[in-house]
Amino acid sequence: FSDQISLVRQLVTIPEVCQTVRRRYQAVFLDEFQDTSDGQVEFLSALFGGMRVTSVGDPNQAIYAWRGASQAALHGFHENFGGTDSLTLSTAWRNDKAILDVANTVAAPLHERPEYWTVPKERASVPTVELKPREGAGQGVVYGGEFAAAVDEAQAIAEYVESQGDQLGTCAILFRSRKHIPLVAAALRDREIPVLLDRAGLLTEPAVLDVCAALELTADASRGDVLMRLLTNVGIGTADIELLWQWAREQAKAVAPESEETDDSSHSLPAFLLDAVDSPPEVGWMPETFVSGEGFSAAARVRVERLGDQLRELRHHSTEALPRLVERAIAVLDCDVDSQANPDTPMASRVLEEFVSVAVDYDQATTRPTLRGFLAWVEAAREQERGLAMEPAPTSPDAVVLTTVHSAKGLEWDTVFVP
């Protein structure tokens, strides 16, 4: 990025370049100008200085200092581009008075920082202003709290939501980072309070993680790590899981018995836990090296056989179109049925429907969509903040919306928590 800025700064020193660009535009609009760096201001003013240029920004929202941006770009706008006119939008039409008081108090120290100004205050293009309430705005209420740990804060939020009930109206909890969402979501669900996540948040939902685990096994039979999740979900205990691993190793040895004779494990076939699920041991089985224990349980045998049938069906249809395969995984694992019994209904069903929509979008936007490619893309989106293309954060009168401050930009609710 910095290389591109440097190159453009060199290009605008060529008169013919500037003249060519200026002839293409009668007016120029520069949005989010508080996020402009000195280098960008230099080449933009060289290109458009003296033309009809309008910039829009809020110096209190400058968040890209780490890449050289500064709110000072707004204050020096007239010196760099010419003109003298300035319009201030200081009336907040959505917030009550108490909320604006807090916002003004938090923002006030920013104006005293030396880096806030590059020109004398009296010559600044953007005057320092405070947000003002709309005519007829209510007083509003703001509560603050300090907590020893994040779990205490999550519990306090959930308790307050539960105690207020419908009095809260539409309600959202806005987070700085998605990694903080699961803790609060769990606290709300423990009290059977419905929650609604935005599109990126749904990737951490248990039902979506289950579907992804089944799809991972469809694409890669060696993924014993994700198979462990599915085995645990169907109630297989640690003792029976250990016996399944032992059975998988026995099967691998049976395919390549010569590895036992040479005692060279480097020539033995790898043991796949999925092989043991496809063909589980008989009830009571355990390896000869085990001197005690009850062996593989009858309950585990029944549950593993059913899980094996489900995963085989998915592998049988692995060549289906990606959205259809995702729908099949949801149906085969009974996620759609389980969601109907979820206390978050209809929210749990909406999570699965939205995940299918994610698969549809990927399928349509990718030249050669594959299951492996989709799963890798989902994993990257889950790990990276804002890794999945955002749609507007949802709103619902029946659930508490959990999303990030960034995704909530431009939206409004009656009650908002900011952990």
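Which residue forms a salt bridge with Arg94, and how far apart are the closest N and O atoms? I looked that up before anything else. The partner is Glu412, with the closest N and O atoms 3.7 Å apart. I should say now that I am working from a predicted model.

**Entry: the Glu412 pair**

I traced where the two ends sit. Glu412 is in the loop between β7 (400–404) and β8 (415–417), while Arg94 is in the loop between β3 (91–92) and α6 (97–107). The two are 318 residues apart, so I noted this salt bridge as a link between distant parts of the chain. Then I checked exposure. Glu412 has 51% relative accessibility and counts as exposed because the cut-off is over 50%. Arg94 comes out partly exposed at 45%.

**Entry: overall numbers**

I pulled the totals next. The protein has 18 helices and eight strands. It runs to 419 residues, and 39% of them are buried. For contacts with a separation of 6 or more, 72% are between residues 24 or more positions apart. I get an accessible surface of about 24100 Å², with 51% of that belonging to carbon and sulfur atoms. Searching the whole structure for salt bridges turned up 18.

**Entry: Arg191 and its two partners**

Which glutamates does Arg191 form salt bridges with? I found Glu159, with the closest N and O atoms 3.4 Å apart. I also found Glu162, again with 3.4 Å between the closest N and O atoms. Arg191 sits in the loop between α8 (181–190) and β6 (195–197), and Glu159 is in helix α7 (residues 150–164), 32 residues apart from it. Glu162 is in helix α7 too, 29 residues apart from Arg191. The general helix rule fits here: an α-helix has 3.6 residues a turn, so residues three or four places apart point the same way.

On exposure, Arg191 is partly exposed with a relative accessible area of 21%. Glu159 is partly exposed at 44%, and Glu162 is partly exposed at 46%. While on salt bridges, I also wrote down a network: Asp278, Asp309, Arg312 and Arg315 are joined into one by salt bridges that share partners.

**Entry: helix α6, outside and inside**

I went to α6 for a surface patch. Ile99, Val102, Val106 and Val142 form a nonpolar patch, and together they have about 320 Å² of accessible area. Val106 belongs to helix α6, and at 60% relative accessibility this valine counts as exposed. Which residues of α6 are buried? I have Ala98, Leu100, Asn104 and Ala107 on that list. Their cover includes β3 and β4 (132–133).

**Entry: helix α15**

I wanted to know how enclosed α15 (residues 322–332) is. Eight of its eleven residues are buried, so I put it down as largely enclosed by the rest of the structure. The buried ones are Leu322, Pro323, Leu325, Val326, Arg328, Ala329, Ile330 and Val332. I noticed that the list has an arginine in it, Arg328. Just after the helix, Asp334 takes a positive phi of about 65 degrees.

**Entry: Thr218**

Is Thr218 buried or exposed? It counts as buried, at 13% relative accessibility. Thr218 lies in helix α9 (residues 206–219). I looked for what its side chain might be doing and found a polar atom of it 2.9 Å from the backbone oxygen of Ala214. Leaving out residues up to four places away in sequence, Thr218 touches Leu314, Arg315, Ser318 and Leu371. Arg315 is a name I had already written down, as part of the salt-bridge network.

**Entry: strand β7**

Last stop was β7, where five of five residues are buried. I split them by face: Val400, Leu402 and Thr404 are on one side, Val401 and Thr403 on the other, and all are buried. That agrees with the general pattern, in which side chains of a regular strand alternate between the two faces of the sheet.

Which strands pair with β7? One is β5 (residues 171–175), in the parallel sense over five bridges. Another is β6, also in the parallel sense, over three bridges. For registry I noted Leu174 opposite Thr403, and Leu197 opposite Leu402.

Key:
Residues numbered from 1 in each chain as written. Predicted model: local features only at pLDDT ≥ 70, side-chain atom pairs only at ≥ 80, totals over all residues. Heavy atoms only, no water. Helix = DSSP H or I, 4+ residues; strand = E, 2+ residues; numbered from the N terminus. Buried < 20%, exposed > 50% of the residue type's maximum accessible area, 1.4 Å probe, protein only. Contact = heavy atoms within 4.5 Å. Areas by Shrake-Rupley, 256 points an atom, 1.4 Å probe, with all protein chains shown as cover. Salt bridge = Lys/Arg side-chain N within 4 Å of Asp/Glu carboxyl O. Patch = residues over 30% accessible without salt bridge, like charges linked within 9 Å, V, L, I, M, F, W, Y side chains within 5 Å. Polar contact = N/O pair within 3.5 Å; in protein donor to acceptor, adjacent residues only side chain to side chain. Pairing = 2+ DSSP bridges.
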